[in-house]
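Work through the two exercises below with the coordinates open, and compare each step with the solution that follows it.

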Amino acid sequence: MINYKGFYFIKTYDLEDYFSKMYDDLVFQFDEKIQERGYFEDQGFALFLGQENEEVYINLEYKEYSFLNVLLAFPPQSLCKECTICWKNNEEGIPEFYWTTNFPEKELHEYAKKYK
């Protein structure tokens with residue numbers, strides 16, 4: 001297992017060269033959703049990639065995107081919510097990473113109310 005700033009890669013999916021980019025893209029979006037910079041890091045959230053033989057898949061409707069189911073762990077109780085990330089390569093061939101619509105936004109806001 002590889003730990004990159006709270007992103008735990010059980011499998012790397014040949015994304016090793018993009019761990020930093022993945023982290024920057026997803027944490028920025030995470031912090032935007034909660035409207036607080038540094039929230040992911042300050043609160044000690046974790047993201048687990050590659051659990052239970054999870055594989056990258058392509059959605060037939062969005063063929064240019066790759067999707068991966070992940071677990072987002074909420075501290076301190078380590079409550080895990082399954083969600084999906086996706087990425088597509090930009091014009092330079094570098095992946096851009098996104099949370100999908102099943103991001104646990106409601107749970108994140110409930111967590112923030114409880115632990116702020």
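Residues under 20% relative accessible area are called buried, those over 50% exposed, and those in between partly exposed. The model examined here is a predicted one.

**Exercise 1.** Classify Glu-55 by its relative accessibility, and determine which side chain Glu-55 meets in a salt bridge.

*Solution.* Begin with the accessibility: Glu-55 has a value of 47%, which lies between the two cut-offs, and therefore Glu-55 counts as partly exposed. Next, look for the partner, which is Lys-11, with a separation of 2.6 Å from N to O. Lys-11, at a relative accessible area of 25%, is partly exposed by the cut-offs stated above. Finally, place the pair along the chain: Glu-55 lies in the loop between β3 and β4, whereas Lys-11 lies in the loop between β2 and α1, so that the salt bridge links distant parts of the chain, 44 residues apart. The structure holds 4 salt bridges.

**Exercise 2.** Identify which residues touch the most other members of the largest nonpolar core, and find which element gives the largest share of this core.

*Solution.* Among the 29 residues of this core, the two that touch the most other members are Phe-7 and Leu-72. Several elements each supply at least two residues, including β2, β5, β6 and α3, while the largest share, 7 residues, comes from α1. As a last step, take Phe-7 and set aside its neighbours within four places in sequence: the contacts that remain include Met-22, Tyr-23, Leu-26 and Val-27, together with Phe-40, Leu-47 and Leu-49.

Key:
Residues numbered from 1 in each chain as written. Predicted model: local features only at pLDDT ≥ 70, side-chain atom pairs only at ≥ 80, totals over all residues. Heavy atoms only, no water. Core = buried A, V, L, I, M, F, W, Y, C linked by side-chain atoms within 4.5 Å. Buried < 20%, exposed > 50% of the residue type's maximum accessible area, 1.4 Å probe, protein only. Helix = DSSP H or I, 4+ residues; strand = E, 2+ residues; numbered from the N terminus. Contact = heavy atoms within 4.5 Å.
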